[in-house]
Amino acid sequence: MNLENSRIIDMYKTMLRIRKFEEKAMNLFAEGKIPGFVHLYIGEEAVATGVTANLNTNDYITSTHRGHGHIIAKGGDLKYMMAELFGKATGYCKGKGGSMHIADATRGILGANGIVGAGQNIAVGAGLSAKYKGTGQVCACFFGDGSTNQGTFHESLNLASIWKLPVVFICENNMYGISMSQSRHQAIQDISDRAVAYNIPGVTVDGNDVFAVYEAANEAVKRARAMQGPTLIECKTYRHRGHFEGDPAIYKPEEEQKEWLAKDPIKRLESFIVENKIQTVDEINEINEEIKREILDAVEFAENSPEPAIDSVVEDIYTDIVEEVNLV
Amino acid sequence: MISIGIIANPASGKDIRRIVSHATVIDNYEKVNIVERIILGAQGCGVDEVYIMADTFQIGNRVIDNLIASKELKANIKLIDIKLNGNVSDTINTAKIMEDMKIGCIVALGGDGTNRAIAKSIDKTPLISISTGTNNVYPDMMEGTAAGMAAAVVAANKFDICHTYLRDKRIEVFRNGIFTDIALIDAVICKDLYVGSKAIWNVEDIIKVIVSRAHPASIGFSSLIGCMMTIKESDDYGASVDLNCLGKTVIVPIAAGIMKKVNTCNLTRLNLNEEYYYKAAGRGIIAVDGEREVPFKEGDEFIFKITRNGPYHVDVKKTLEIAQENGFFIISGEEVY
Amino acid sequence: MRRMTYAEAIRDAMRIKMKEDPDVFILGEDVGKFGGCFGVTGTLYDEFGEDRVRDTPISESAIVGCAVGAAATGLRPIAELMFIDFVTVGMDQLINQAAKMRYMFGGKITVPMVVRLPVGAGFQAAAQHSQSLEAWLTHVPGLKVVYPSTPQDAFGLMLSSIEDDNPVAFIEHKMLYGVSGDVDDEVKKIPLGAADIKREGKDVTVIATGKMVHEALAAAEELAKEGLEVEVVDPRTLYPLDKKTIFDSIRKTNKAVVVTEEIKRGGYAGEISAMISEEIFDSLDAPVVRLGALNAPIPFSTKLEQYMIPNSGDIIKGIKKLV
């Protein structure tokens, strides 16, 4: 399987966009400009990128609390994302969702999700919808290793399997469920082992290699579109940061951290691009500058955006009811 | 002291072939079970030292715990203590240590890739290969107990069994004059640009296939030649064929459950130790034993050479037959008619 | 006018909407050929086939979650849970997902779904199959909570619930499934948020839900013999709540009894009582009387179960506190 150079560059840009967006978010959080919880995806960019490179705009994804990467990869607008992180009225959710709840229905993004494992069932529903209506859409369902210990994992894989739904389950095994290492939170090493229990294909790939992820997802998406049922893809990767910003991650051995930093997916793709003369170092630098500008524009947009109006606090709860806004 | 080594690859049986062919996941607990049965078979036949490769799933430690808990452990089990990298280098490094320790026999659990990695490191140590994947040509599907018994027979070194065999062939790959890699069964030159998920299954992008052996029953790329001619392990030659060119169209089992029609030409016999030259006309990758490993660029020059530098590969059934004929399993008493 | 049971009325409303709109479908445990745990889906499987009346494994979380995902992507699922007691298993999907999605996502996603939730004691199903947990759901912004007491209301409210663009918890009392009543021939929707005066009276207002509506009516009938005119108000939807009808009635009678089958502590009756006290205190001659089940799990024994759930006799006693 081969990819045109332009697509490889697109994937590189996506990964870089995620990285730079999050590095910016990290700094803004440290400066106190972004409130709340921020869970960063740094280190896992190849997964979202390799998967969504196989999706169409109208395909669905469900995401997690660590959702920025999925949303950017699926085409989310950085300006509206950044504004949402700032809690501004112009944000994706009008400042009512924040980092953990960004959705964009026009791009099939069914939302980041604050409940671990919750997206799996929603993905099954989206898959059912696509199959029911015969639209040919698929749903890529992202979740972490920690969520595979939730009941939803079992219920949703079982349901998707018996109904042969066009869902691709993408497990981002970043080796930690919050602070608990995978070896402590489950008795298996390869989450793909669990596919056997649902009679679906399960595969483990190097989640820091965008090509490996791309290839596996490509086959799984083909299967899904052909109504052959779901696939479980485990992507072995690593969360560079703590569970959330502010978590010093003292539970992560230094040695381990060092090893994984050396396997950084972006650096790997960058060397591939340069070694294979797809782009020169100068061109790569130019891309970096371009992405940096995009991020700065997004921050500027967010900073210059208005705070939400007080009345909006009771809007959008229902389609047809606006609640009382006075406290007393 | 009769010793054997066990190398069980925790990563085998989980690659992309689970999606692209009709293969299933082999879970690691089954590997633990197989290793236990190898040990029980081996210690029952006199093995007192068992060395196991350390791995990230801790197959070795789990085996020790289980056999101690079931009070069945008699042999002395040790893990080969290396710094784990969680990739194929663990296998290569462990096999090298086992070779240096002059262990009597290595039993490998894995696929063609695992055996290839071991073959890189061993010279004199005999190898028993149990398949824990799909699509394998080199290792055989077999019961671990029998493998353990055969390993004991080989390690006991009473009947000079392994030296009754020829060494296996291997394909040595030299890039720009430098020894780069080996394949036990097949080396495939393809136009793929990146290693990606490693496994190779797309016939359309393949330029050339070089094999050390070939048989229609061997699923995978060697079947491209195997469906036209049989090359046994004992034959002192291999072959190569070009793909996607005008010539014979063959129907071949390219992967488990996948039959494909492929256009081939220039089927050529390659004699042992003969150098076969290939110059890359563009970018691509060489897949060895089904895994994309050696990327190349335009102008890279390759030499492929089939040699008999492969492992001493133990035929488990034959070994057990020889042992039986020599009364290996009779502990005491005389036959009563 | 047609005569049908409460269960048949729910089924007929679902049938009508399924015929009208191909996006409406049913999913739940044993809703297919089996016809539903209480026979509510009945023959719908034969009429619409397995794609639209989908049997699911026993996976409440997946039933509700799958409905959420389907609703968010353009379908109109009707999910059936066998007992409201099992909503605990699917609670995250209902509370954190269905109810919150629209708000969290700034109004950009709608979740038009109905979850059918059979409640109620009365047939010795004990503590895990008899509860009335509607207060849990009314507490959550984003959910609408509907609770019919008659076949006519069940029919009209189900039509509206399926059409509603928000997640609707449709509460059904198990003991009412077999109760027959008249249903208009005409397909008439009952808007969510419209209470109904089940019996007019000038002396005291009883606000009752579900099966308690029938107990209240029996109490009113009994007290009528003594010349006491009891007005029985059925909110029919707990959220949105038709405060106006309730308040207008109390402004007329100046006395209020609120009766629900829930455990009294933390029940929705408390919310209604508080609203009355807060907003029309001046119209009251006496404090609101609140009636609910004892603060105990539902027991198995017929005798104990009957004792702990309010009945018409208890309602009469409650009313008598005020007159």
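## A tour of a sheet, a chain contact and two domains

In chain C, V257(C) stands opposite V289(C), a residue of strand β14(C). Welcome to a predicted model, where local features need pLDDT of at least 70 and side-chain atom pairs count only at pLDDT 80 or more, while totals for chains, interfaces and linings use all residues. Residues are numbered from 1 along each chain as its sequence is written, and chains are lettered from A and ligands numbered from 1 in the order in which they are written.

**The sheet in chain C**

V289(C) lies in β14(C), and β14(C) pairs with strand β13 (residues 256-263) of chain C in the parallel sense over 4 bridges. Strands (E, at least two residues) and helices (H or I, at least four) are DSSP runs, numbered from the N terminus; two strands pair if DSSP finds at least two bridges between them.

Following the order β9-β11-β10-β13-β14, 5 strands of chain C form an open sheet with mixed pairing. At its edges stand β9 (196-199) and β14 (289-293) of chain C, each with a single partner strand, so one side of each has no neighbour in the sheet. From one strand to the next, the twist averages 25 degrees.

Helix α7 (residues 211-224) of chain C packs on this sheet, touching β9, β10 (204-208), β11 (230-234) and β13 of chain C. The direction of α7 makes about 170 degrees with that of β11(C). Here axes are lines fitted to C-alpha atoms, for helices over the stretch in contact, and angles run from 0 to 180 degrees between N-to-C directions. Two residues are in contact if their C-beta atoms, placed from the backbone, lie within 7 Å.

**Where chains A and B meet**

This contact takes 26 residues from chain A and 23 residues from chain B. On the chain A side, β6 (202-206) and α8 (210-225) of chain A are the elements giving two or more residues, and α8(A) has the largest share, 8 residues.

**Two domains in chain B**

Chain B is assigned domain 1 (3-167 + 311-325) and domain 2 (170-307), with bounds from an automatic or database domain assignment. Their C-alpha centres lie 27 Å apart. Domain 1 of chain B gives 18 residues to the contact and domain 2 of chain B gives 22 residues. On the domain 1 side, α1 (17-20) and α5 (112-121) of chain B each supply at least two residues, and the largest share, 6 residues, comes from α5(B).

**Two contact sides by class**

Ala, Val, Leu, Ile, Met, Phe, Trp, Tyr, Cys and Pro count as nonpolar, Asp, Glu, Lys and Arg as charged, and the others, Gly among them, as polar.

| Side | Nonpolar | Polar | Charged |
|---|---|---|---|
| Chain A, touching chain B | 13 residues | 7 residues | 6 residues |
| Domain 1 of chain B, touching domain 2 of chain B | 7 residues | 6 residues | 5 residues |
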